[in-house]
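Colleague: I should be grateful for a close look at a single part of this model, namely one place where two helices meet. Please explain it in a manner suited to a first-year student.

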Amino acid sequence: MRPRQWAKLTSASALAIILGCLPLSAETPLNTDATLGIPLPEQPELRLPDVAPQAPAAQAATAAIPSADAEIATGTVTPGSRPQDPTKQDAAAPLDTTEEAVTLDIPAVEMPAADPALTPVVKSPEPVEIAPQGGPLRTVEPLVPLPDVPKVAVELPPGSEFSAAIAAALPEALMLRRLGERERNEIAAAYKANENRPFWVGAKGWNEAGKHIATQLGRAAEDGLRPNDYGLPAFEASDKAKLAEADIRLSAIAVLYARDARGGRLNPRQLSKLITPTLYLPSATEVLSELAGANDAGAVLAAYNPPHEGYRRLKAKLAEMREHLDDTPLVRIPAGPPLKLGMRDERVPLVRARLGLGPSEEPVFDRSTALALTDFQKKAGLPANGILSERTLAALGKPASARGEEDIVAQMERWRWLPPDLGTDHIIANIPEMRVRVMRSGKVVYETRAIIGKPDSATPIFSHKMDHVVVNPSWYVPPSILKKEFLPGLAADPEYAAKRGYVVTRTKGGGISVRQPPGERNALGWIKFMFPNEHAVYLHDTPNRRLFAGERRALSHGCVRVENPFALADQVLGPEWSHERLKRLIGSGERRINLPQPLPIHLVYNTIVVGDDGQITRFDDVYGFHRLVRQALEQQGG
């Protein structure tokens with residue numbers, strides 16, 4: 001090997017030894033451990049392995065390398081002595097190659113005694129052997145043994161797997177016909193409060209509550225409701241998205257059913273301004289809350305239908321009618337001009353056959369045909385005028401059973417307008433029947449004939465509470481009568497009112513008020529029964545008691561006149577105010593007597609009543625309200 005190459009190799013080896021010894025410089029402070037903060041033992045002196053012999057030229061080259069750090073030594077380290085400064089060392093002096101390499105043997109650090117409070121309870125794991133790297137090392141043990149970590153099982157709330165699907169399906173699934181925006185928002189809020197978990201489905205389909213609700217919805221026709229309005233959603237048990245949509249849709253259908261059962265199918269005030277019942281429609285929040293917390297959700301849903309005995313009898317009659325097929329032969333009667341008494345028409349034999357009458361010699365619309373048609377119109381809720389009109393012709397084209405079902409359903413609908421609780425004690429005035437009854441604990445304790453409003457001044461339909469009675473009342477002429485009768489009369493004769501016993505006073509607004517003072521001729525008689533309401537109607541006496549003998553008693557201006565008012569007063573005022581005591585007040589000035597407690601009163605419109613024996617009694621549709629309800633339901637179904 002050439003001298004120059006040998007010198008380069010020797011210099012490189014020396015430089016590697018110098019760089020490897022930098023961290024072990026004897027000048028480095030070794031007082032404390034930076035991590036543990038404890039004093040470290042004194043380190044033994046280090047001896048580096050021999051360096052391969054170098055040629056003199058190479059040694060000179062190595063000695064001539066400038067030192068970057070005065071602490072770096074290039075000579076031999078001997079025990080108990082510091083390395084010589086290479087700048088002071090003779091560059092020609094030979095290196096000592098007689099010393100053998102030593103193995104670094106660092107003694108174990110003595111740790112302070114462990115605090116008992118910090119001693120782990122778990123058993124220390126076995127020491128871990130670490131593979132030696134470049135020389136033998138001691139076994140390393142962890143300072144603090146790791147405890148055994150138990151396995152944690154996290155259980156999600158039931159139905160949580162549907163949350164995302166329900167949140168995505170809510171907007172579209174709630175778009176149900178006749179379900180209002182308020183109800184949709186309440187249903188969405190109910191799901192949000194339930195963390196978008198389902199109410200009625202599980203992994204395999206309907207849960208028990210969902211099955212009960214679905215069963216009740218399938219019985220909607222039994223209560224005169226339309227099953228098509230509550231069609232159950234279809235789904236596959238394996239399709240999570242469809243299950244979520246079905247759960248939402250069932251909630252919406254259940255809410256719609258509950259509101260329909262309470263009278264929400266129609267708005268009575270849109271039928272007539274005189275039909276003003278207070279509907280007790282449940283909110284969607286109420287329905288879902290009651291169903292979700294019920295043992296039998298189907299029974300809770302069914303309970304939204306009227307609980308009244310009159311309704312139950314109608315429901316039973318409806319089921320009975322549907323069991324029997326109509327045996328009345330259907331006869332198709334061609335369209336044509338209206339037929340009246342005495343007219344000749346080729347359709348007359350067909351009309352007679354449809355009404356169950358025998359054949360006639362001539363095709364004349366005679367009296368027997370007109371009477372039979374009048375009876376048919378009465379039962380069908382049509383104007384009973386004996387004229388074969390277009391509407392009557394359409395009604396004749398339906399089976400009798402179908403027509404009877406429609407009548408029953410329309411009457412059942414009006415029962416939904418009543419409060420669920422009529423009151424243990426209450427008064428019920430059936431306007432078409434023209435009778436007033438006092439009920440106590442479900443039994444009639446008193447009833448009397450009544451006079452109701454004329455068709456052009458109909459008695460309104462609503463519920464309220466009677467709270468007082470007035471003896472010797474004054475009668476204030478209502479605006480309708482004032483406008484129709486008194487103003488034209490006063491215009492023609494300024495003494496028109498005075499001659500008839502009325503007192504005319506000027507009001508602050510410049511109008512007039514006409515009052516009839518108490519007395520024998522007073523239109524209200526001697527007593528009136530008050531339940532303040534928007535229509536200003538009430539029950540009262542009348543000086544024309546002979547009118548009660550007539551069968552058709554739609555004669556008043558809207559109020560209900562009772563035949564024996566003092567007997568009725570005995571029922572509502574209690575034993576403190578006897579019949580005799582009240583009569584002693586007559587003629588002594590107007591007196592107000594409060595009822596012991598307010599008594600619910602219901603002015604109803606029942607044209608079809610089913611008795612205890614199951615027989616149907618029909619009353620005239622005096623104001624056409626029954627016909628309005630039936631037509632509205634038919635149009636809604638279409």
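**The contact of α3 with α6**

Modeller: In this predicted model, the residues Ala165, Ile166, Ala169, Leu170, Glu172 and Ala173 of helix α3 meet Lys240, Ala241, Ala244, Glu245, Ile248 and Arg249 of helix α6. Sorted by character, the residues of this contact comprise eight nonpolar and four charged ones, with no polar residue among them.

The geometry of the pair may be considered next. Helix α3 covers residues 163–173, and helix α6 covers residues 240–264. Their axes come within 9 Å of each other and cross at roughly 50°. The two helices are therefore oblique to each other. The crossing in which α3 passes α6 is right-handed.

One residue of the contact, Glu245, deserves separate attention. Glu245 belongs to helix α6. If neighbours within four places in sequence are left aside, Glu245 is in contact with Ala169 and Ala173; both of these residues are in α3. Is Glu245 buried or exposed? Glu245 has a relative accessibility of 31%, and it therefore counts as partly exposed. A further point of reference is Pro198, which stands 47 residues from Glu245 along the chain. The C-alpha atoms of Glu245 and Pro198 are separated by 9.6 Å.

The contact may now be placed within the chain as a whole. The chain contains 18 helices and 16 strands. Of its 638 residues, 38% count as buried. Among contacts between residues at least 6 apart in sequence, 65% join residues at least 24 apart.

Elsewhere in the chain, a helix lies against strands. Three strands form an open sheet, in which the order is β7-β9-β8 and the pairing is antiparallel. Strands β7 (475–476) and β8 (503–506) stand at the edges with a single partner strand each, so one side of each has no neighbour in the sheet. Four bridges join β8 to β9 (residues 512–516) in the antiparallel sense. Within this part of the sheet, Val503 stands opposite Arg515 of β9. Helix α15, formed by residues 479–492, lies across β7 and β9 and runs at about 100° to β9.

To return to the part requested, α3 and α6 cross at roughly 50°, and the residues of their contact are eight nonpolar and four charged. Glu245, one of the α6 residues in that contact, counts as partly exposed.

Key. Residues numbered from 1 in each chain as written. Predicted model: local features only at pLDDT ≥ 70, side-chain atom pairs only at ≥ 80, totals over all residues. Heavy atoms only, no water. Axes fitted to C-alpha atoms, helices over the stretch in contact; angles between N-to-C directions. Parallel < 35°, antiparallel > 145°, perpendicular 65-115°, else oblique. Left-handed = near helix turned anticlockwise from the far one by under 90°. Contact = heavy atoms within 4.5 Å. Nonpolar A, V, L, I, M, F, W, Y, C, P; charged D, E, K, R; others polar. Pairing = 2+ DSSP bridges. Buried < 20%, exposed > 50% of the residue type's maximum accessible area, 1.4 Å probe, protein only.
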